[in-house]
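Hello,

Here is the structure I promised to pass on. Please open it next to this email and follow along.

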Amino acid sequence: MVDVGGKEPSAREALAQGTIHLTPEALRLVADQSLSRKGNVLSVAQVAGIMAAKRTWELVPLCHPIPLTHVGVECQVVEGGVRVWCTVRSEGRTGVEMEALCGVGAALLTVYDMTKSVSHQHRISDVHLVSKTGGKSGDYHRNGTGDTNQ
């Protein structure tokens, strides 16, 4: 692990997003909340994303355990699938980008798991960091024409 002991704690925030493309039948069932005996697909995916963000340090080698001050996961039915956003905040010595990305990934995998009985043709795509603030490297905001560091 990288030694972050000499860094001053600062406010950190990261936002990540991703999409799962579903078959029309699976998408209809998710939107109607009539798919799974396990519960509402979007609600279960939201909880999975929060749990994963909180445990990123156990899933990704060499990640620091970070005391998070906020994890928010939003799952929304969009044309052709479900889009997930994860926002993570901390007052710490290292960034929270991995936590946001891990939250998105786990939420999307949960949607896949809960819809695989309908089809295995679902596709997870476009998992990426949208923005991050704080830290030595400064702020980052992805825009429509490419990545920019500000």
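My notes on the core, helix H4 and two backbone angles follow. Bear in mind that this is a predicted model.

**The core**

The largest nonpolar core has 30 residues. Leu22, Val82 and Val84 have the most contacts inside it. Six elements are worth colouring: strand S1 (10-21), helix H1 (24-31), helix H2 (41-54), S2, strand S3 (81-92) and H4 each give two or more residues to this core. The largest share comes from H4, with six residues.

Start with Val82. Leaving aside neighbours within four places in sequence, Val82 is in contact with Gly18, Thr19, Ile20 and Leu22, among others. Its list also includes Val30, Leu42, Cys75, Gln76 and Val77. Leu108 and Val111 are on that list too.

**Two positions in H4**

Helix H4 covers residues 97-115, and Ala107 is in it. Is Ala107 buried or exposed? Its relative accessible area is 0%, so Ala107 is buried. Not counting residues up to four places away in sequence, Ala107 touches Ala45, Gly49, Val73 and Val84. Val84 is also one of the core residues with the most contacts. For orientation, the C-alpha atoms of Ala107 and Leu29 are separated by 17 Å. Those two residues are 78 apart along the chain.

Thr110 is in helix H4 as well. Its relative accessibility is 15%. Buried means under 20%, so Thr110 counts as buried. Where does the side chain of Thr110 reach? It reaches the backbone oxygen of Ala106, at 2.8 Å. Thr110 also touches Val44, Ala45 and Ala48, again not counting residues up to four places away in sequence. Ala45 thus appears in the contacts of Ala107 and in those of Thr110.

**Two backbone angles to check**

Most residues other than glycine have a negative phi. Two residues here have a positive value.

- Leu62 has phi near 70°. Leu62 lies in the loop between helix H3 (56-59) and strand S2 (68-78). At 62% relative accessibility, against a cut-off of over 50%, Leu62 counts as exposed.
- Asp126 has phi near 60°. Asp126 is found in strand S4, which covers residues 123-133.

So one positive phi is in a loop, and the other is in a strand.

Best wishes

Conventions. Residues are numbered from 1 along each chain as its sequence is written. This is a predicted model: local features need pLDDT of at least 70, side-chain atom pairs count only at pLDDT 80 or more; totals for chains, interfaces and linings use all residues. Side-chain values use heavy atoms; hydrogens and water are left out. Helices (H or I, at least four residues) and strands (E, at least two) are DSSP runs, numbered from the N terminus. Buried means under 20% relative accessible area, exposed over 50%, partly exposed in between (1.4 Å probe, protein chains only). Contact means heavy atoms within 4.5 Å. A polar contact is a pair of N or O atoms within 3.5 Å; within protein, one must be able to donate a hydrogen and the other to accept it, and residues adjacent in sequence count only if both atoms are side-chain atoms. A nonpolar core is a set of buried Ala, Val, Leu, Ile, Met, Phe, Trp, Tyr and Cys residues joined through side-chain atoms within 4.5 Å.
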